[in-house]
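Got your viewer open? Let's take a walk through the charged side chains, one selection at a time.

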Amino acid sequence: MSLRERNKLKCRARILKTSRKLFKEKGYEGTTIDEIAELSEISRGTFYNYFSDKESLLEGTAREEIDNLQEHLGKEISQDWEETLRKAMTFLILDARPNIALSKRIVCLAADPEGSLHPIENELTDHLREIVKQGEAKGALRKDVSPDDVVYALIGLYYVGIFQWGKEEEEKAVEKIEGALDLIIRGIKNE
């Protein structure tokens, strides 16, 4: 990767980081592109080289989350599917907590099949489906359980984790996540 490409990636990351900071402090609606550009130490025109509008910052943030999940899991998907699933779900829910209002906005846009961020939800469900299919390939799932149905249950847990448990103490949220995952996994395991 050339120096120019690395600098572009750094600038893009700085813009996203700045936008998340301002969204947390001032709210999404209360933050302007001019403020993001100024705090990112770029011109308004440079901002538009990276993002078409404020909503595209949400897409960039959501894509970063998918990348962070992949990095967090590393090569674990090929290992213990159950542990990988637990790690993925806990990461997704807990990582949303520092900026819960922004996370809720992103999830609402991603959940809507007509929404601009719906492709991001599809990427997330693909990652979860890959983990579940690892369990299926190892014969760990009941034969009458569809991996797609499991993924729908996991996405439901993700939504509940963000909308219901997002402001709870982390220890309590982790306890609820683990309890819900125990129920899901016990229900799908081939025993």
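Is Lys21 buried, partly exposed or exposed? Lys21 counts as partly exposed, because its relative accessibility is 44%. Keep in mind as you click around that this is a predicted model.

Now add Glu25 to the selection. Lys21 and Glu25 form a salt bridge, with 2.9 Å between the closest N and O atoms. Both sit in helix α1 (residues 3–26), and because they are four residues apart, about one helical turn separates them. Glu25 is exposed, at 52% relative accessible area.

Next stop: helix α7 (residues 118–137). Select Asp126 and Arg129, three residues apart and about one turn of the helix from each other. They make a salt bridge too, the closest N and O atoms being 2.9 Å apart. Asp126 is partly exposed at 45% relative accessibility, whereas Arg129 is buried at 18%.

For a long-range pair, pick Glu82 and Lys189. Their salt bridge has its closest N and O atoms 3.0 Å apart. This one links distant parts of the chain: Glu82 is in helix α5 (residues 81–96) and Lys189 in the segment after α9, 107 residues apart. Glu82 is buried, with 18% relative accessible area, while Lys189 is partly exposed at 26%. Add Arg86 and Asp182, and you have one network, joined with Glu82 and Lys189 through salt bridges that share partners. The count for the model comes to 14 salt bridges.

Last, select Glu169, Glu171, Glu175 and Glu178, which form a negative surface patch. Glu169 lies in the loop between α8 (147–163) and α9 (170–188), and counts as exposed because its relative accessibility is 64%.

Technical notes. Residues numbered from 1 in each chain as written. Predicted model: local features only at pLDDT ≥ 70, side-chain atom pairs only at ≥ 80, totals over all residues. Heavy atoms only, no water. Patch = residues over 30% accessible without salt bridge, like charges linked within 9 Å, V, L, I, M, F, W, Y side chains within 5 Å. Areas by Shrake-Rupley, 256 points an atom, 1.4 Å probe, with all protein chains shown as cover. Salt bridge = Lys/Arg side-chain N within 4 Å of Asp/Glu carboxyl O. Lys, Arg positive; Asp, Glu negative; His and termini not counted. Charge placed at Lys NZ, Arg CZ, Asp CG, Glu CD. Helix = DSSP H or I, 4+ residues; strand = E, 2+ residues; numbered from the N terminus. Buried < 20%, exposed > 50% of the residue type's maximum accessible area, 1.4 Å probe, protein only.
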